[in-house]
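These are my notes from going through one model, written in the order in which I looked things up. I began at the end of a helix and worked outwards from there.

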Amino acid sequence: MTARVLTPETLRNIVLVSNPAITPDGGKILYTVARINIDADTYESSISLLDVATGFEEPLQQGPSDSCPIPAPNGRHYVFIRRVERDRKQRGQPGLELRFASIDRPGASRLIARVHGLVSVSWSPDSLRLAAAIPVGLPDEDVKVVETLPVWFNGKGFIYKTQVKPFIVDVYSGYMEEIKLDDVKWMQVADIAWSPDGRKIAVTVSRVMEKPYLRDLYVYYLDEDRAELVAEKLSGFGEIVWSPDSRYIAYLGHRRERGFATHNKILVFDTEDRGSEPECLTCSLDRNAVNTANSDVRFSSCLKKLQWTRKGILFVASDHGRAPLYSVEPGSEPTIVIDPGEGVVDEFSATPDGARIAYTRMTATEPREVYVSDGGNARRLTRHNDTWLSRYKLSKPEKFVFKASDGVEVEGWILRPPEGVEEKGWVLYIHGGPKTMFGYGFMHEFHVLAGRGYTVVYTNPRGSDGYSEEFADIRCRYGERDYQDLMEAVEYVIERYRLPRDKAAVMGGSYGGFMTNWIIGHTDLFKAAVTMRSISNWISMYGTTDIGWYFVEDQICCTPWRNFEHCWEKSPLKYADRVKTPTLIIHSNEDYRCWLDQALQLYTALKLHGVETRLAIFPNENHDLSRSGKPKHRVKRLQLILEWLDEHLAGKKEEEKAGREAGNA
Ligand SMILES: CC(=O)N[C@@H](C)C(=O)N[C@@H](C)C(=O)O
C-alpha cells in the first residue's frame, strides 16, 4: 500500500490560524481562522472566540473575509477587518471595512469606516477611539502620471499617490480626524500607539520621499493639539509601544549600521529627556528581534511585534531556526519567557500585567495552533490541523551542523521522503532575503517534495538570519561566502547522508532564486534547477524593485552609474552562456519586488544558448505566489515543480521517450 503523503492539493486541508488576541483580563482569545478553498480559488476567514479556562470555542464572525480582531481595553468590544468584494464599476472604492462589535454578541457588527488599507491600529484607553495609520490617495485610473517615489509596491500595485496618514477614529460615530504632524508634508506612517494615560499618541513616520528608510518618532499631545519630534533618522521595522507609565517608548528597529543586514533591536526613548541617547535592550543578544522563519502557511495578522507589559517588553527573536519569545526591561538582559522547543512562536499578545500570554506556535511538522502560557505553564488550546495531519505521513527533518572552510559553523536540515516512499533524488532549497532563515517553520512545499520522493536539504548560509549581525552581512559580496557555504553544504550532505551526486537539483525563490541562477552559472553539478521570483540582473533590478531603489546599492554596492562593472560581475546573467543545467523559471507578472524582466532576460539567454528551459508566468500574481497566491495557482506551481524534477531527476522524460519509441517500433 502506498503511503498517504502531502501533495499540491493537500493545501486545501490546512487551517491557517492567526492573530491570537487576548482580552485584558486574560479570559478570552479572539483569533482568525482561515481555510484554503481550492475549488472557489479563495481563502475564507472567520473570527473565533476561545474561552481560556474551558477551551470552549464559538464563532464570533462567520466570514467569509473577516480577520484581525483587536480587543478593546474594556474587554467587551473589539474591532476587526472585513474584506469586501468589488465589481469592475466599484474599482477605486475601498476594499476593506473597519468594523466594531461586542464580544458577547456573535455575528453582530457595525461599520466604522471603509478604508483602502490599515497599516496599524491602537485603542484609546477609554475604549472609545482608535489611533490608526491609514493609506490615502489612489493612482490614476488610466494613464499613470507619476512625480513621486516609490511608484509601486508588491501586492498593492501602484502606490505613487498613496500616503499613509495618522488618524483618530471614533468607533461609535465613525468620525475621523487626521493628526497633523506640523512640518510633515509627505508621509508614510509605519506605526501608531496610544499611551496608557490616554494623553499622547506616538507615531513613526517616513517623511523624506527619497529616503523612505529613515523614520522619525513623533509624540502628539492630545490636550494641546501639538506634535513634537522625539527622535530622527531611525530605521528598520519602526514599530512602537509605550511603557505602562506612559513615559518611555520602545522602538523596534535600528540605525542602519549594516544596511539591510542590520538586526532590528529594541531601542528605548525617554520622552521626558529629549536628546538623550536611547537604551538598546537587545544589542547584547545579537539577534534580529523579529521572527524571520520561512513558512508557506501563514495568514495576515494585525498584532504588534512588541508589547510592553508590567513584567517587561515582549518580543520574538530569530535564533538558529527557532523563534522564542523574550522579555526585557530597561537596565536588564533579555530572557526567554516562552521556549518553543523545535518550533517558532509566530505571533503573541499578553495581558497588561504580563501574567498570561496567547500565542501561535508552529513546527516543521505542524502548522500554527493557538497556545496560552501562564507564567511558564504553556498549554495548547486548538487542534485545527490534528485530524488531517494524522491521516498523512510526514517525515521529521534532521538538523545538521558543519564547519565551513573558514571555520564558521553553518546549520542545515535534511527532510527525507516519508517511510514507504521511494527516494528519487534530492533538492538543495535556498531561502530568500537573504536575511531570513530556514528552521522550524512549517513548509507545506517541502513535505510535498518529500512525498514525491525528493529529499530536501535546506541550510542557513552566510547572509541568513538567526545568528549574529556579522553572519548576516554579505553586503557587496553576494555569490562569494554564501555560495561557498551552500556548495560546502552540498559536499557535506553527499558524504554524510550518502546522497547521490548525480541526482541533485537546486531551487530557491527571490534571493534564493538569485543564488540558484548564480549556481547554475558556476557549476554543472545539478541535474535540474528551479528558479522562482528570481534576480538575474542587478542593473535592471535597480530602480524597479519595490523594496527601495537603495536595495541594490546597499546589498551589491553599485548603481548603474557607480561601480557599474561590479553590478554586472554580481549578475547571474553575465554567466548565462556557461549554463548547462535544465532550468524551470517561475515568475509572477505582478512581481514588483523582482520584476518579470528578471525572468525574461534569463529565459531568453538560456534559450539562445541551447539550455533546456521552461518559463511559467503566473497572471495576476505577485512576489508572494508561493505563500499567499490564488489557491489554484499555488497548486499549479507545485505541480510544475514536481513535473520538472520528475523529468530531470527521476528520468520520467527518458522513460516516456523510450515508451514512445517502443510504441513506434
Ligand atoms: C529584502 C527582500 O525582500 N529581498 C528579496 C529579494 C527576497 O529575497 N525576499 C524573500 C524574503 C522572499 O522569499 O521573497
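**Notebook: a helix, its sheet and the ligand shell**

I looked first at what comes after H2 and found Gly-453, whose phi is positive, near 105°. I note here that the model is a predicted one.

Next I asked myself how many residues of H2 are buried. The count is eight of the eight, so H2 is largely enclosed by the rest of the structure. By name, the buried residues are His-444, Glu-445, Phe-446, His-447, Val-448, Leu-449, Ala-450 and Gly-451. I then looked up what covers them, and the cover includes the strands S31, S32 and S33 as well as helix H10 (625-628) and helix H11 (631-648).

The strands in that list led me to the sheet, which is open, has eight strands in the order S30-S31-S33-S32-S34-S35-S36-S37, and shows mixed pairing. Its edge strands are S30 (398-403) and S37 (613-618), each of which pairs on one side only. From one strand to the next, I read an average twist of 20°.

Within the sheet I followed one pair in detail: S32 (residues 425-430) and S33 (residues 454-459) run in the parallel sense and pair over five bridges. Taking Trp-426 as an example, I found its bridge partner in S33 to be Thr-455.

I returned to H2 (residues 444-451), which packs on the sheet and touches S31 (409-415), S32 and S33, with its direction at about 145° to that of S33. Helix H5 (residues 511-520) also packs on the sheet, where it touches S32, S34 (504-509), S35 (528-532) and S36 (583-588), and its direction makes about 145° with that of S34.

From H5 I moved to its contact with H4 (residues 481-496), where the two helices pack at an angle of about 75° and their axes are 11 Å apart. That angle makes H4 roughly perpendicular to H5. On the H4 side the contact is made by Asp-482, Tyr-483 and Leu-486, and on the H5 side by Met-515, Trp-518 and Ile-519. Sorted by class, this contact of H4 with H5 has five nonpolar residues, no polar ones and one charged residue.

Last, I asked which residues are around the ligand. I listed Gly-432, Gly-433, Thr-436, Gly-509, Ser-510, Tyr-511, Arg-533, Ile-547, Arg-593 and His-623. The class count for this shell is two nonpolar, six polar and two charged residues.

Terms used
Residues are numbered from 1 along each chain as its sequence is written. This is a predicted model: local features need pLDDT of at least 70, side-chain atom pairs count only at pLDDT 80 or more; totals for chains, interfaces and linings use all residues. Two strands pair if DSSP finds at least two bridges between them. Helices (H or I, at least four residues) and strands (E, at least two) are DSSP runs, numbered from the N terminus. Axes are lines fitted to C-alpha atoms, for helices over the stretch in contact, and angles run from 0 to 180 degrees between N-to-C directions. Two residues are in contact if their C-beta atoms, placed from the backbone, lie within 7 Å. A residue is buried if 20 or more other C-beta atoms lie within 10 Å of its own, exposed if 12 or fewer, and partly exposed in between; C-beta atoms are placed from the backbone. A residue is near a molecule or strand if its C-beta atom, placed from the backbone, lies within 6 Å of it. Ala, Val, Leu, Ile, Met, Phe, Trp, Tyr, Cys and Pro count as nonpolar, Asp, Glu, Lys and Arg as charged, and the others, Gly among them, as polar. Angles under 35 degrees count as roughly parallel, over 145 as roughly antiparallel, 65 to 115 as roughly perpendicular and the rest as oblique.
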